[in-house]
Amino acid sequence: MKTPADPVRDYFSAVEREASALPADRRQELLADLAEHIEVTRAERPDAAIGEVLAELGDPRTIAATALAEAENGAAKAPARGGVGAPARRGKVHPLVPLLMLTFSLPFIMIFPAHPGPLIGVLFRITGAVLLCTSVHWTAVHKVTGVMLTAVLPTAVMTAWNLSSGGPAGDAPALLANLATVALLAGTAAWLWRVRRA
């Protein structure tokens, strides 16, 4: 019995076959980039047919030829830069930076409750979320989950708490809620660190 064709798997197989001259790690990186592009395109345009998305990516031979040319150019430049076997794709910001900014945004507000503590905490949270979303180290799903758990959910909980409670900021329930939120931020950052791409 013949199984139905999977156009994405067939496309990736063709790219992998055409790019067989690339080192295995570079070939896997190329496939990961293509997979992320497909994932982002389908999230942005869910009604787009998969064939249309694959056609936008281009012919597997062209993609492989471009990757091979880039690898050859990179290999020629590597000795001048002193990096033999350096990864071809690098993020501009170390992946630890957005994770630390998101994790320490709330403790900063807790430790410095007077101005400018809350302002700096909010700026940390916004900057960390932007850096996370623009990073090359995570897939779109990881980015969305990370932003939801480290920026959106804590902000919504703190806003609801402040609107509903009239008690002092230092009471025991508020402290417990803040500590639980810090644990959520730290746990999400640890998870994002584990699932990051090098």
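**Figure 1. Surface and overall fold of the predicted model.** About 12,100 Å² of the chain is exposed, and carbon and sulfur atoms account for 67% of that area. Keep in mind that this is a predicted model. The chain has eight helices and zero strands, so to speak α-α-α-α-α-α-α-α when read along the sequence. Out of 198 residues in the chain, 31% are buried. Take the contacts between residues at least 6 apart in sequence: 68% of them join residues at least 24 apart.

**Figure 2. Helix H1, from its start to its buried side.** Right at the start of H1, a side-chain oxygen of Asp6 comes to within 3.2 Å of the backbone nitrogen of Val8. The twelve residues of H1 should span 16 Å at 1.5 Å a residue, and the end C-alpha atoms are indeed 16 Å apart. Tyr11, Phe12, Ala14 and Val15 are the buried residues here. They sit on the same side of H1, because the arc they cover around the axis is only 160°.

**Figure 3. The largest nonpolar core.** This core has 17 residues, and the members touching the most other members are Tyr11, Val15, Leu30, Leu34, Ile38, Leu57 and Ile63. At least two residues of the core come from each of helix H1 (7-18), H2, H3 and helix H4 (60-81). Zoom in on Leu34: leaving out residues up to four places away in sequence, Leu34 touches Tyr11, Phe12, Val15, Leu57 and Ile63. There is also a second, separate core of nine residues, with Leu99, Ala129, Val147 and Ala151 among them. In soluble globular proteins, nonpolar side chains tend to be buried together.

**Figure 4. Thr41 in helix H2.** Thr41 belongs to helix H2 (residues 24-44). Is Thr41 buried or exposed? Its relative accessibility is 6%, so Thr41 counts as buried, the cut-off being under 20%. The side chain of Thr41 reaches back to the backbone oxygen of His37, at 2.8 Å. Setting aside neighbours within four places in sequence, Thr41 is in contact with Val53 and Glu56.

**Figure 5. The buried face of helix H3.** In helix H3 (residues 50-57), Ile50, Val53, Leu54 and Leu57 are the buried residues. Looking down the axis of H3, these fall within an arc of 95°, so they line one face of the helix. That spacing ties in with a general point: an α-helix has 3.6 residues a turn, so residues three or four places apart point the same way. After H3 comes Gly58, with a positive phi near 110°.

**Figure 6. Helix H6, end to end and around the axis.** With 17 residues at 1.5 Å each, helix H6 (residues 117-133) should span 24 Å, and this agrees with the 24 Å between its end C-alpha atoms. Which residues of H6 are buried? The list is Gly117, Gly121, Arg125, Gly128, Ala129 and Leu132. Their arc around the axis is only 105°, which puts them on the same side of H6.

**Figure 7. Leu184 in helix H8.** Leu184 is part of helix H8 (residues 172-195). With a relative accessible area of 29%, Leu184 is partly exposed. Not counting residues up to four places away in sequence, Leu184 touches Leu149 and Leu153. Leu184 and Pro154 are 30 residues apart along the chain, and their C-alpha atoms are separated by 8.6 Å.

Key
Residues numbered from 1 in each chain as written. Predicted model: local features only at pLDDT ≥ 70, side-chain atom pairs only at ≥ 80, totals over all residues. Heavy atoms only, no water. Helix = DSSP H or I, 4+ residues; strand = E, 2+ residues; numbered from the N terminus. Buried < 20%, exposed > 50% of the residue type's maximum accessible area, 1.4 Å probe, protein only. Polar contact = N/O pair within 3.5 Å; in protein donor to acceptor, adjacent residues only side chain to side chain. Contact = heavy atoms within 4.5 Å. Arc of directions from axis to C-beta. Expected span 1.5 Å × (residues − 1). Core = buried A, V, L, I, M, F, W, Y, C linked by side-chain atoms within 4.5 Å. Areas by Shrake-Rupley, 256 points an atom, 1.4 Å probe, with all protein chains shown as cover.
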